Amino acid sequence: MPVPEECVQGEMTQVFSKGTKKKEKKMPKRIPYSYFRSSCSWRVRITLALKSIDYETVPVNLIKAGGQQFSKEFQALNPMEQVPALKTDGTTIGQSLAIIKYLEETRPTLQLLPQDPKKRVLVRMISDLIAGGIQPLQNLSILKQVVGQENQLAWAQKAINSGFSALEQILQSTAGKYCVGDEVSMADLCLVPQMANAERYKVDFTPYPTISRINKVLLVLEAFQVSHPCGQPDTPTELRA
């Protein structure tokens, strides 16, 4: 994915599509408002890549100047003051799973929700477990309320271990090559970014062999590589790979 010239590291900058030749009609690109390290943003980037949807990122730095997500400009886009937000089809959508489901409904190529109702509900259950039961408990906004870095690390590890213990047990009965069977699904889009969070918070993966195996298999897929936090427009130089 080429890096738009207008995307300046650490600054929230609007990106506009360049003009096209006369009589040539070009579909507007999707614009995800994203932070390179946000696991929720990564879920959406994976979806866009898997579905071969063209997009241009607008970085929103969650750290700089107290957090650009709290600016009036961004609050007008997403009153929850969170990333990601996606501008597409004349509307702006917040919440990563809502974005993924919208793209699934409007761009059904490479389906991320199985047709089979039982498999579909398993995908939704695993996605909700991660997106609602693990990630929010170790999110930056929560950790800021915990005094001391050592206490923050212990809090994050406890939240992740609690969720991963349940997730490992579930995946032992649902997994094939991936989280549910042998096709990439929305559940996998949630798993990989959460594993990255777990690595950052130094979680011991020994008790989670199924989670670890699936994560390794997914990380070799192109969509997961091009969307990886280490290669985004706003990734700091020292974290690029």
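**Strand 1 and the two cores**

Start with a pairing: Ile31, in strand 1, sits opposite Lys87 in strand 3. Keep in mind that this is a predicted model. From that pair we can look at the rest of strand 1, then turn to the nonpolar cores.

**Strand 1 and its partners**

- Strand 1 (residues 31-34) and strand 3 (residues 85-88) run antiparallel, with three bridges joining them.
- Strand 2 (residues 58-59) is a partner too: it runs parallel to strand 1, and two bridges link the pair.
- In that pairing, Ser34 is the residue facing Pro59 of strand 2.
- To get from strand 1 to strand 2, the chain passes through helix 1, making a right-handed β-α-β crossover.

**Two covered faces**

- In a regular strand, side chains take turns pointing to one face of the sheet and then the other.
- Strand 1 is covered on both faces: Ile31 and Tyr33 are buried on one side, while Pro32 and Ser34 are buried on the other.

**The nonpolar cores**

- Nonpolar side chains tend to be buried together in soluble globular proteins.
- The largest nonpolar core here has 39 residues, and the members touching the most others are Phe164, Leu167 and Leu191.
- Several helices supply at least two residues each to this core, including helix 1 (39-50), helix 4 (117-133) and helix 6 (149-174).
- Helix 7 gives the largest share of this core, with eight residues.
- Setting aside neighbours within four places in sequence, Phe164 has contacts that include Ile134, Met195, Phe205 and Ile211.
- There's also a second, separate core of ten residues, with Tyr33, Phe36, Val83 and Ala85 among them.

How values were computed: Residues numbered from 1 in each chain as written. Predicted model: local features only at pLDDT ≥ 70, side-chain atom pairs only at ≥ 80, totals over all residues. Heavy atoms only, no water. Core = buried A, V, L, I, M, F, W, Y, C linked by side-chain atoms within 4.5 Å. Buried < 20%, exposed > 50% of the residue type's maximum accessible area, 1.4 Å probe, protein only. Helix = DSSP H or I, 4+ residues; strand = E, 2+ residues; numbered from the N terminus. Contact = heavy atoms within 4.5 Å. Pairing = 2+ DSSP bridges. Right-handed = clockwise from strand over helix to strand, strands pointing away.
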